[in-house]
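Hi,

Here is the model I said I would pass on. Have a look at it first, and then read my notes below.

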2 protein chains.
Amino acid sequence: MDSIRELVGNRALQDRIMTAEEAALLVRAGMTIGCSGFTPSGYPKVVPAALAKRAKAGEEIPVTLWTGASVGPELDGELAAAGCIRRRYPYQTDDAVRRGVNAGTILFSDLHLSHCAQNIRYGFYGRMDIAIIEALRITPEGGIVLTSSVGNSNVFAECADKVVIEVNTAQPEGLDGIHDIYSPENPPHRKPIPITNVHDRIGTPCLYCPPEKIAAIVPSNVRDSQRPLAPVDDVSRRISSCLLDFLSAEVKAGKLPKELLPLQSGVGNIANAVLLNLAEWPSDNLEVYTEVIQDSVFDLLDMGKVSFASSTALTPSPEGAAKYYPRLDEFKNRIVLRPQEISNNPEVIRRLGLIAMNTAVEVDIYGHVNSTMAAGTRMLNGIGGSGDFARNAYLTIFLCPSTASGNKISKVVPFCSHIDHTEHDVDIIVTEYGTADLRGLSPRERSNEIIEKCAHPDYKELLRDYRKRAEVGKGHEPHLLGEAFSWHERLRQTGSMKL
Amino acid sequence: MDSIRELVGNRALQDRIMTAEEAALLVRAGMTIGCSGFTPSGYPKVVPAALAKRAKAGEEIPVTLWTGASVGPELDGELAAAGCIRRRYPYQTDDAVRRGVNAGTILFSDLHLSHCAQNIRYGFYGRMDIAIIEALRITPEGGIVLTSSVGNSNVFAECADKVVIEVNTAQPEGLDGIHDIYSPENPPHRKPIPITNVHDRIGTPCLYCPPEKIAAIVPSNVRDSQRPLAPVDDVSRRISSCLLDFLSAEVKAGKLPKELLPLQSGVGNIANAVLLNLAEWPSDNLEVYTEVIQDSVFDLLDMGKVSFASSTALTPSPEGAAKYYPRLDEFKNRIVLRPQEISNNPEVIRRLGLIAMNTAVEVDIYGHVNSTMAAGTRMLNGIGGSGDFARNAYLTIFLCPSTASGNKISKVVPFCSHIDHTEHDVDIIVTEYGTADLRGLSPRERSNEIIEKCAHPDYKELLRDYRKRAEVGKGHEPHLLGEAFSWHERLRQTGSMKL
């Protein structure tokens, strides 16, 4: 408790210092809680754990939980296990939360990550009772220095009645100064977001909220629960190689500059593999405008291949954190963390002209993409920022292996069992077998391109057969609705999509 | 030929004046042609007709045809009947074109209207050979004064090798000065689009292109083929009344200002009825930021209910044109016509905070929307601007009657047979039975809201039954994939979705 006083530079706020258990008492049943955190980084750890403890001891404390995106087990996992999460917005990757979502006991709404902040400000989801924000320190002027993510922290602090701050001494001090906090006005008073370059700073390095709203300041010393990265497998390597061949051809055709355009990349192993491969790209000065910075972007910054990276979170693996967190001061003038409302903003994405690369759960023969649900019903994680980027990018690319589960599942299907991105939003699909370029093609041409370039050999003939029989009935986008989902049904009944 | 000389103020261009037949000879097989015109207004009429005549006489002249959106029969209809349209972008409403699209003989790609211009500039669809642009006159400085729409004319003139201009003396002179032409730079040099108010003018009243590209100037005297509006029927009136009740409640709840926010409304009879109803709205100074101005907006401007309207086209009915075209000078300081890249721009739509109201072909119980296809396969018109507005609006509303074809078709179905707008993009659904407010709801809650508020009584029990049986299998968004399209199959087999 003593050491934290040094980190609360604003003296008037020092009397709000208390324990996690005391702060957790501010949360009551039925409240809406907005927590910092994005793709397990920078989320509060000790107050949620204290709240879960109360619930596990028998108290009923159902709450609505908002975050930036996914958060670690100390927050989502603990609260879900304690039965505290009644509603959850806007994205999750936690096993216990996912079980609740799919059982219907946790009411989950899957939102575009750029939409959250404005819709909260508009009052569409009701009041925000308490914001719980992880911070590095509080400045003498009362500025809250955030940690490894920004996410929705700015809007939570703006809109909540009370703000609880976890000052986490386990976060690297090098994060100080990396943030750029900017909140747009509500319409009709909104102005252009003045970002015209990836590196533009348009806000303040600290988050400010009226000091009287700060109800508790709690010491914490728990590291982000970083997720290890799988070693790059052969399929990811082949996908990534197809993609780089495609980008090279675009440069050659004059459709992309040789230093490309700012890169956006989804989270995960394929995304990481793709970016790693850019180490071989023949030009330096690449730029990144994305929502998370994984190990590969640190590596590319370190080798000088990437000149600047903008995102809303740092998400290194444990190894990445061990390597790069002590050296953050070296990178700080080449990284900025923005609110997710800005990192994922359609206006900025379209203006900068991003190359958006995201992973698909499945794609169909006409180029619709499923990003969220297994067999059309079971939520995996959520749409995240994929829609923000896919709709507005210069070039929209979806990546996926052609099959899963030892070829029992084809990722190229007649009709996506759930559609998150429509044919109107998808330019390029890449699997380990090749690249389908869908730009300007009619649906019939797209289906040919996707089946022949992207499908796994085990499923090509089946897909051709579906298309051929569907085309007998004519139509702009020929389908046999009676068997459009027969592949998913077969999988459910026999354990395989194969005949 | 003599009178047109007066309308070509630039003397150096007067030697390019020729007949439609002569100009049509510039078009050769395999070319890509970009024509002015948006939702049958301001499209070229005489050069396409001359081209169709050549083709009907036996010449093979397949071309790729670009427009802003739908155009009149002199262009789409004539060229389709003559077998000239090999490819078509980005939207159509013509019977002959639709037949070709659904037969697979016309390769149609259904694009977001805001995406066309930039993707043409990026070179994604290959070269643009000839632009054919309808104009009111050419100024002494060589400025092209457009007519009743802007659409994609600016980008066609920029990118085409040659430009053909139809100077149409049947268009009202009052259009002179109504346009505001602005083209954004390509990334990475793009700047913020400096519109912060509906009435902001940011460009030039004329379209400029290098005079040496102007290959032909052709006289024309054919009016736009305006479509009559159906009288407002009872269902449209009830939909519109539900919508106004909802908007009033939003104002009361403090979620909308009493003068609302800028209104966007799709094209057609329901849209027109909804806007007409706003004559009763208790506040003046409403604003419109949309893609077409139909009769109702003229009426609202005329009665002072709407203070300003921005769009990319004027689309009055024949009666509306007879009433308002002679009085355009009165309205000119309260109307602006912009390129569709700007009228439909995500950046501007989100900044201004529109209320977007578009018509759905069908909706499903989880809030996905089909805007384009009958029974998942047969193209009707296209997505148009509905995606541009739905994704980026302050409030996204879809309207539709609860049934069609004498109740044989339910517009609320278990699973949309084609998805153009996903659950992530739909706030409100309105039918003549009521309003479903989906904001913040989980899929299970959404299905309850949609079935109970919006479905037709004839189909409610069937929908409840589907949902109930689907929920046995659990999942975030419960479905029975084996029967998800059974309603559409039943319709195909029996002529009705009823059991």
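Contact here means heavy atoms within 4.5 Å. Counted that way, the meeting of the two chains takes 80 residues from chain B and 80 residues from chain A. Before you go further, please keep in mind that this is a predicted model, so everything below is computed from it.

**Where the chains meet**

Putting chain B and chain A together buries about 6700 Å², and carbon and sulfur atoms account for 54% of that area. If you want specific residues to click on in chain B, try Arg350(B), Arg391(B) and His424(B): they lose the most area to chain A, and together they make up 13% of what that side buries.

There is a fair bit of polar chemistry to look at too. The rule finds four salt bridges across the interface of chain B and chain A. One of the pairs is Arg87(B) with Glu445(A), where the closest N and O atoms are 2.6 Å apart. Polar contacts between chain B and chain A come to 39 residue pairs, counting those with both residues at pLDDT 80 or more.

Which elements of chain B supply at least two residues each to the side that touches chain A? On the helix side they include α5 (95–103), α14 (346–352), α15 (386–392), α16 (443–454) and α18 (486–494) of chain B, and the strands β3 (85–89), β4 (107–108) and β19 (378–379) of chain B do so as well. The largest share, five residues, comes from α14(B). By class, the residues on the side of chain B that touches chain A split into 30 nonpolar, 27 polar and 23 charged.

**Inside chain A**

Chain A itself is divided into domain 1 (2–220) and domain 2 (234–494). The C-alpha centres of these two domains of chain A lie 29 Å apart. In the contact between them, 49 residues of domain 1 of chain A meet 44 residues of domain 2 of chain A. The area buried between the two domains of chain A is about 3600 Å², with 58% of it from carbon and sulfur atoms.

Two salt bridges turn up across this domain interface of chain A. In chain A you will also find a salt bridge between Glu341(A) and Arg121(A), whose closest N and O atoms are 2.8 Å apart. Across the same two domains of chain A there are 29 residue pairs in polar contact, again with both residues at pLDDT 80 or more.

On the side of domain 1 of chain A that touches domain 2 of chain A, α5 (95–103) and α6 (116–121) of chain A each supply at least two residues. The largest share of that side, four residues, comes from α6(A). That side of domain 1 of chain A has 20 nonpolar, 22 polar and seven charged residues.

**Two smaller spots**

Thr139(A) sits in the loop between β5 (128–138) and β6 (144–146) of chain A. Is Thr139(A) buried or exposed? Thr139(A) counts as buried, because its relative accessibility is 5% and the cut-off for buried is under 20%. Leaving aside residues up to four places away in sequence, Thr139(A) touches Gly9(A), Asn10(A), Val145(A) and Cys206(A).

Over in chain B, helix α9 (residues 269–277) has Ile270(B), Ala271(B), Asn272(B), Ala273(B), Val274(B) and Leu275(B) as its buried residues. Those buried residues of α9(B) pack against the helices α8 (234–252) and α10 (295–302) of chain B, and against the strands β9 (263–265), β15 (355–359) and β20 (395–399) of chain B.

Cheers

Methods:
Residues numbered from 1 in each chain as written. Chains lettered and ligands numbered in written order. Predicted model: local features only at pLDDT ≥ 70, side-chain atom pairs only at ≥ 80, totals over all residues. Heavy atoms only, no water. Domains from an automatic or database assignment. Buried area = accessible area lost by both parts, 1.4 Å probe. Salt bridge = Lys/Arg side-chain N within 4 Å of Asp/Glu carboxyl O. Polar contact = N/O pair within 3.5 Å; in protein donor to acceptor, adjacent residues only side chain to side chain. Nonpolar A, V, L, I, M, F, W, Y, C, P; charged D, E, K, R; others polar. Buried < 20%, exposed > 50% of the residue type's maximum accessible area, 1.4 Å probe, protein only.
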